Amino acid sequence: MKALITLICLIVLSACGSGGPPPPDWKTDAADHIERYKKYALLGDNILAERYFQQAIAATGGAGRVADTARLWLVRCATRRAMLIDDACAEYADLARIEPDTADQAYYQFITLRWDAIDIARLPTQHRALVSAPTGKRNEVLNQVGDPLARLLDASLLVMRQEADATTLTLATETASSQGWRQPLLTYLKLQEKLAAEQGNAAQLGRLAQRIKLVEQSFASSHK
């Protein structure tokens, strides 16, 4: 989550810094709404998540801030890709052409798997080791990522790059479970279920089926 928080702090720089006058309302509103977007998106409450995201966009858009609005779309894209949703980040890319930012561009290349083109020094610190590691060794880096959302994002990008293994799936599953993030948890449980079925692991299938049932019941209860 630190990478996403860093992006948000760029929007509300004076709120994340030290001293000085308070930030204008549009900055604090955008930061508050995008945090709420992430929370509800990860919980799988898409209607509420979208409402908060649009409020964040309205805050930066109302101030006519192109780069800040682009950054919100980048946060959205990163959150969705952490949940294994294949978002191309097109809205960010369109706005970034108007007001480019080198750090945002590096993060965009990272989450859209364009790792050969990245200036690694401009990436958030916790993602640099993953990109720098050779193929086949990247799964070992995940345990070193302390922030849960950053770890989940890294694991999801490895899945998208077809570099993930069973350990990656387990780590992503337990990361989502520990945070109560139902949306990515259900996705990863089903990926583990598919792998267990391919391996003919009946005991594992039974355990996963029960966990999936619990998460699906939670979804059903929350939407009543």
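Colleague: Which residues line the largest pocket?
Modeller: This is a predicted model, in which local features need pLDDT of at least 70 and side-chain atom pairs count only at pLDDT 80 or more, while totals for chains, interfaces and linings use all residues. Residues are numbered from 1 along each chain as its sequence is written, and side-chain values use heavy atoms, leaving out hydrogens and water. A pocket is an open set of points on a 1 Å grid where a 1.4 Å probe fits, with protein on both sides within 12 Å along at least five of seven lines, and lining residues have an atom within 4 Å of a point. For the largest pocket, these are Val159, Ala164, Asp165, Leu169, Leu191, Lys194, Leu195 and Glu198.

Colleague: Which helix gives the most to the lining of the largest pocket?
Modeller: The lining divides into five nonpolar residues, no polar ones and three charged ones, with Asp, Glu, Lys and Arg counted as charged. Four of the lining residues come from one helix (a DSSP run of H or I, at least four residues), spanning residues 182–199, and that largest contributor is α12.

Colleague: At what angle do the axes of α10 and α11 cross?
Modeller: Pro148, Arg151, Leu152, Ala155 and Val159 in α10 meet α11 residues including Leu169 and Ala172, where contact means heavy atoms within 4.5 Å. The axes, lines fitted to C-alpha atoms with angles from 0 to 180 degrees between N-to-C directions, come within 9 Å and cross at roughly 145°.

Colleague: Why is the disulfide of cysteine 77 and cysteine 89 called left-handed or right-handed?
Modeller: The sulfur atoms of cysteine 77 and cysteine 89 lie 1.7 Å apart, and a disulfide is a pair of cysteine sulfur atoms within 2.5 Å. The pair links cysteine 77 in helix α5 to cysteine 89 in the loop between α5 and α6, 12 residues apart. Because the torsion about their S-S bond is about -65°, the disulfide is left-handed.

Notes
Helix = DSSP H or I, 4+ residues; strand = E, 2+ residues; numbered from the N terminus.
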